[in-house]
Amino acid sequence: MTRRGFLLAGAAAVPAVVVGTSRPAVAAAVQTSGVAPAALAGFDNVLKTYIVERGISCAQLAITKNGKLVLARGYRYSDDASVPTVSPTSLFRIASLSKHITAVAIMRLAQDGKLSLGTSVAKLLGLSTAADARLANVTVWRLLQHTGGWDRDISRDYLYLDHTIASALKVSLPITRGHIVQYAGGRSLDFAPGSRYAYSNYGYLLLGMIVEKVSGMSYEAYVKQKILAPVGITRLRPGRTLKAQRAPGEVIYESDQTSKTVTDASGTIVPAPYGGFSMENRGPGGGWLASAVDLVRFARVLDAPGAVLNSTSIGRMLAKPEIGVDESGAWYGAGLWVRQVTGHLNTWHSGGLPGTYTYTARLQNGFTYAALFNRGEESGSPDFDALSPRINEQIGKVTTWPTTDLFPRYF
């Protein structure tokens, strides 16, 4: 997951680049839905230019200012009749933006006195430490902040090893989260827990299991009842692997990549977004569906104490890890990157899967946005990280912010 363009308002825009993938050129105009006030036309134009450059057929942008929804937009760029219309409430796979949803669930359990963040994960989940005694030192905090000891650059990402795991455990595809945990539990950690940062999807899979263990509810039910319902969010739901399993209102995903299916042992080569990986297993770390307006509404959970988190829990979400900050002065809190600016803690995160790129940020001056796309960065495509500096550049150009709150239209 990338995090270039560290959300400093006024950053220079990245020059336009012509897309260069194997996908046929799209000859359609960008179709839009929703509301983009004239005062915020610059943001609307950024999205239109961005998706044309990259051949992205479905996208969304939502912006809040001081807690009010001021822009809510859907974008469609395709001549293909099978590509659905995109509204501001269409659902997208949000990939790793799922992580801060899981982190909020963990913080709520701790807030309610049901969980101590310093507890050993092995103790909580009954995991064997026979393969590596250091597993006993992996705490809930360390899972949240990616310091648990798993490094996908060394041992690979366990959530992408479906065929390897099925073969090793002598089980049939599709594998389950339990199979992944069983496989990982037989291997050594890649570094001492708490000694350094390494992004771990597996760590968030374990956090989802902790939510279930501690709450006595399914992960999905707990998140929906305790985290989403109190702030009026009802559209979020777990995504499914296959195209035929799409949720009502969900977009389609496009990629030039293909892969051997993980749904069975047939060896069938499939489009990577539909069967190249398991959405069900990604759940807590990358499996949710949402719209951009849902995500900016959810972001308000961190703006002030409320029905979901109190001030102590918000502080924990943004706390620096034991390893301190990185060379840029940023740190990974609980499901979000964090940076101190004058008078504010900015937060952000990107997400990516084959057929998906997502980004959300909470910045100084009460500005929050979420942008979702049905195509991810692939070989030959322009840099997808160009989005945040282009958005940042527009913030300083707005002379008058709209005062009408669009939230009642969608919630």
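A residue is taken as buried when its relative accessible area is under 20%. By this criterion, helix α13 (residues 387-395) is mostly covered in the predicted model, since eight of its nine residues are buried. These are L387, S388, P389, R390, I391, N392, Q394 and I395. The elements against which the buried residues of α13 pack are helix α1 (41-54) and the strands β12 (356-363) and β13 (367-373).

Aromatic contacts also involve helix α1. The structure contains 20 aromatic pairs. One of them is formed by Y50 and F384, whose ring centres are 5.8 Å apart and whose planes meet at 75 degrees, so the pair is classed as edge-to-face. Y50 belongs to helix α1, while F384 is in the loop between β13 and α13, so the pair ties together parts that are 334 residues apart in sequence. Both Y50 and F384 are buried. A second pair, Y197 with Y332, is tilted, with 6.0 Å from centre to centre and 35 degrees between the planes. This pair likewise links distant parts of the chain, with Y197 in the loop between α7 and α8 (201-215), Y332 in strand β9 (residues 330-332), and the two positions 135 residues apart. Y332 is buried, at a relative accessible area of 2%, whereas Y197 is partly exposed, at 28%. In addition, F43, Y359, F367, Y369 and W401 make up one aromatic cluster.

The Y50 and F384 rings are both approached by an arginine. The charged end of R54 is placed over the ring of Y50, 3.9 Å from the ring centre. R54 also lies over the face of F384, where the distance to the ring centre is 5.5 Å.

Side chains of opposite charge can pair when their charged atoms come close. The model holds 13 salt bridges. R108 and D112 form one of these, with an N to O distance of 3.0 Å. R108 is buried, with a relative accessible area of 15%, and D112 is partly exposed, with 37%. In the salt bridge between D151 and R196, the closest N and O atoms are 2.9 Å apart. This bridge joins distant parts of the chain: D151 is located in the loop between α4 (140-144) and α5, R196 in the loop between α7 and α8, and the two are 45 residues apart. D151 is buried, at 10% relative accessible area, and R196 is partly exposed, at 29%.

A further salt bridge connects K224 and E220, with 2.7 Å between the closest N and O atoms. Both residues are part of helix α9 (residues 219-228), and their spacing of four residues amounts to about one turn of the helix. K224 is partly exposed, at 30% relative accessible area, as is E220, at 32%. Salt bridges with shared partners also connect D44, K48 and R73 in one network.

R297, in helix α11 (residues 292-299), is buried but has no salt bridge. The nearest side chain of opposite charge is that of D405, at 6.6 Å. A salt bridge requires a side-chain nitrogen of Lys or Arg within 4 Å of a carboxyl oxygen of Asp or Glu, so a separation of 6.6 Å does not qualify. A polar atom of the R297 side chain is instead found 2.7 Å from the backbone oxygen of V231. Leaving aside residues up to four places away in sequence, R297 is in contact with V231, G232, I233, F407 and F411.

Backbone geometry was also examined. Most residues other than glycine have a negative phi, and most peptide bonds are trans. R156, in the loop between α5 (152-155) and α6, has a positive phi near 75 degrees. R156 is exposed, with a relative accessible area of 51%. K170 also has a positive phi, of about 55 degrees, and is not a glycine. K170 occupies the loop between α6 and α7 and is exposed, at 74% relative accessibility. The peptide bond between L173 and P174 is cis, with omega about 0 degrees. P174 is situated in the loop between α6 (162-169) and α7 (177-185).

Methods: Residues are numbered from 1 along each chain as its sequence is written. This is a predicted model: local features need pLDDT of at least 70, side-chain atom pairs count only at pLDDT 80 or more; totals for chains, interfaces and linings use all residues. Side-chain values use heavy atoms; hydrogens and water are left out. Buried means under 20% relative accessible area, exposed over 50%, partly exposed in between (1.4 Å probe, protein chains only). Lys and Arg count as positive and Asp and Glu as negative; His and the chain ends are not counted. A polar contact is a pair of N or O atoms within 3.5 Å; within protein, one must be able to donate a hydrogen and the other to accept it, and residues adjacent in sequence count only if both atoms are side-chain atoms. Contact means heavy atoms within 4.5 Å. Rings of Phe, Tyr and Trp (its six-membered ring) pair if their centres lie within 6.5 Å; planes under 30 degrees apart count as stacked, over 60 as edge-to-face and the rest as tilted. A charge sits over a ring if NZ of Lys or CZ of Arg is within 6 Å of the ring centre and within 35 degrees of the ring normal.
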